[in-house]
Structures are given as C-alpha cells and as structure tokens.
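These are my notebook entries on one protein chain. I set down what I looked up, one topic at a time.

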Amino acid sequence: MSQQASPRGTFLQIAEALKVEIAKDPSMTELPRLADVMRDYDVSRGLALRAFHVLRDEGVAESVPGARWRVIQGSQTEDRRPLVERIAALVEQVGVGSEFPSASTLSAQFGVSRPTVTKALDKLETAGLLSEGGQGKVRTVRALPSREERSQS
C-alpha cells in the first residue's frame, strides 16, 4: 500500500488490516513490529504509529514501554482504569478513619512498581483523601472521593 496511492486515511486502512489479522488469529498477543508495518505497507514511521494509536484508541492494543505493542483480547477482564482511580476505589472500600494498605502491598496487588504506587498515593494525599505517608508511617483514609473526583481521576 503506497502512501501516494491513498495519502488520506492510509493509517486507518493499516489499522483495519491489523484488526483483521487479530480477528483471524485469536492467539496473537503482540502487534507486528513497527519496522515490519513500515516495510509491509510502504509507509513512514509516523503513519505506522498513527495506525497503532487508532488501535489503542479503539481498545484493541496498548503500548508497552520497552516492548512491542500488546493486543488486548476481548475476553480480558483486567481493569483498564488509571492506577490512581483503582486505588481511589479502594479508599471507598476501606472507609474513613481506617488504615490504608502500604505502598508495598498495593504494588503487589496491582502488579506495578512501588514508585508508581507512591505517585498515585501522593495524588490522593494532595486531594485530601489520605493522610500523609512515609517510611514507617501508616496512611489512613481522611475522606471519600466526591463524584467529581471519581469521574476526573
């Protein structure tokens, strides 16, 4: 597929072709390498990336830092909300005045690094939902998220 043949919407055509490949092969876990897409469709890196971004926006694939793009299977039940939203949901479950799980516990629970959890906890502290934490300090729930906070997190 040449860029000159259809300069507008080429990335959409590539995205559609990749969706067809994914539908044909349910065991497909990764998108083709960006270089392979560039070569196979005779397009620039930017156009190939735009096609990948279409798949991301449609919930078909996701970017994995340091690795190839991952196909999101329709049967996956993984919670796709941002980490801060998932932790805020825990705030509601724990209740005001209760101790909140440590960064290490949350790291294991959500399968992310402690620094990533710490950043999310800092946002919830700034929003006034959690007491200040730190090494050896137990965080407690100070308030529950309002509806606006839940929809904007």
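**Entry 1: Pro32.** I asked which residues Pro32 touches once those up to four places away in sequence are set aside. In this predicted model, I found Leu18, Glu21, Val37, Phe52 and Arg68. I then placed Pro32 on the chain: Pro32 belongs to the loop between H1 and helix H2, which spans 34-41. I looked up one of these contacts further. Arg68 is 36 residues from Pro32 along the chain, yet their C-alpha atoms are separated by 7.8 Å.

**Entry 2: H1 and H3.** Two packed helices are described by the angle between their axes and the distance between the axes. I therefore looked up both values for helix H1 (residues 10-24) and helix H3 (residues 45-57): the axes come within 8 Å and cross at roughly 55 degrees. Angles from 65 to 115 degrees count as roughly perpendicular and those under 35 as roughly parallel, so the pair is oblique. I noted the crossing of H1 and H3 as right-handed.

Next I listed the residues that meet. H1 supplies Thr10, Phe11, Leu12, Ile14, Ala15, Leu18 and Lys19, and H3 supplies Leu47, Arg50, Ala51, Phe52, Val54 and Leu55. Sorted by class, this contact holds 10 nonpolar, one polar and two charged residues. I saw two names from my first entry here: Leu18 in H1 and Phe52 in H3, each of which also touches Pro32.

**Entry 3: H4 and H6.** I repeated the procedure for helix H4, residues 83-94, and H6. Their axes come within 9 Å and cross at roughly 60 degrees, which makes H4 oblique to H6. I recorded a right-handed crossing for H4 and H6.

From H4, the residues in the contact are Leu83, Val84, Ile87, Ala88 and Val91; they meet Thr116, Val117, Ala120, Leu121, Lys123 and Leu124 of H6. I counted nine nonpolar residues, one polar and one charged in the contact of H4 with H6.

**Entry 4: the largest pocket.** How many residues line the largest pocket, and which lie nearest its centre? I found 14 lining residues, with Ser102, Ala103, Gly134, Lys137 and Arg139 nearest the centre. Helix H5 (103-110) and helix H6 (114-126) are the elements that give two or more residues to this lining. I noted a volume of about 270 Å³ for the largest pocket. By class, I entered four nonpolar, seven polar and three charged residues for the lining. H6 thus appears in two of my entries: H6 meets H4, and H6 contributes to the lining of the largest pocket.

Notes
Residues are numbered from 1 along each chain as its sequence is written. This is a predicted model: local features need pLDDT of at least 70, side-chain atom pairs count only at pLDDT 80 or more; totals for chains, interfaces and linings use all residues. Side-chain values use heavy atoms; hydrogens and water are left out. On a 1 Å grid over the protein atoms alone, a cavity is a set of points where a 1.4 Å probe fits but cannot get out, and a pocket is an open set with protein on both sides within 12 Å along at least five of seven lines; lining residues have an atom within 4 Å of a point. Grid points are joined across faces, edges and corners, and a volume is the space filled by probe spheres set on the points. Helices (H or I, at least four residues) and strands (E, at least two) are DSSP runs, numbered from the N terminus. Ala, Val, Leu, Ile, Met, Phe, Trp, Tyr, Cys and Pro count as nonpolar, Asp, Glu, Lys and Arg as charged, and the others, Gly among them, as polar. Axes are lines fitted to C-alpha atoms, for helices over the stretch in contact, and angles run from 0 to 180 degrees between N-to-C directions. Angles under 35 degrees count as roughly parallel, over 145 as roughly antiparallel, 65 to 115 as roughly perpendicular and the rest as oblique. A crossing is left-handed if the near helix is turned anticlockwise from the far one by less than a right angle, and right-handed if clockwise. Contact means heavy atoms within 4.5 Å.
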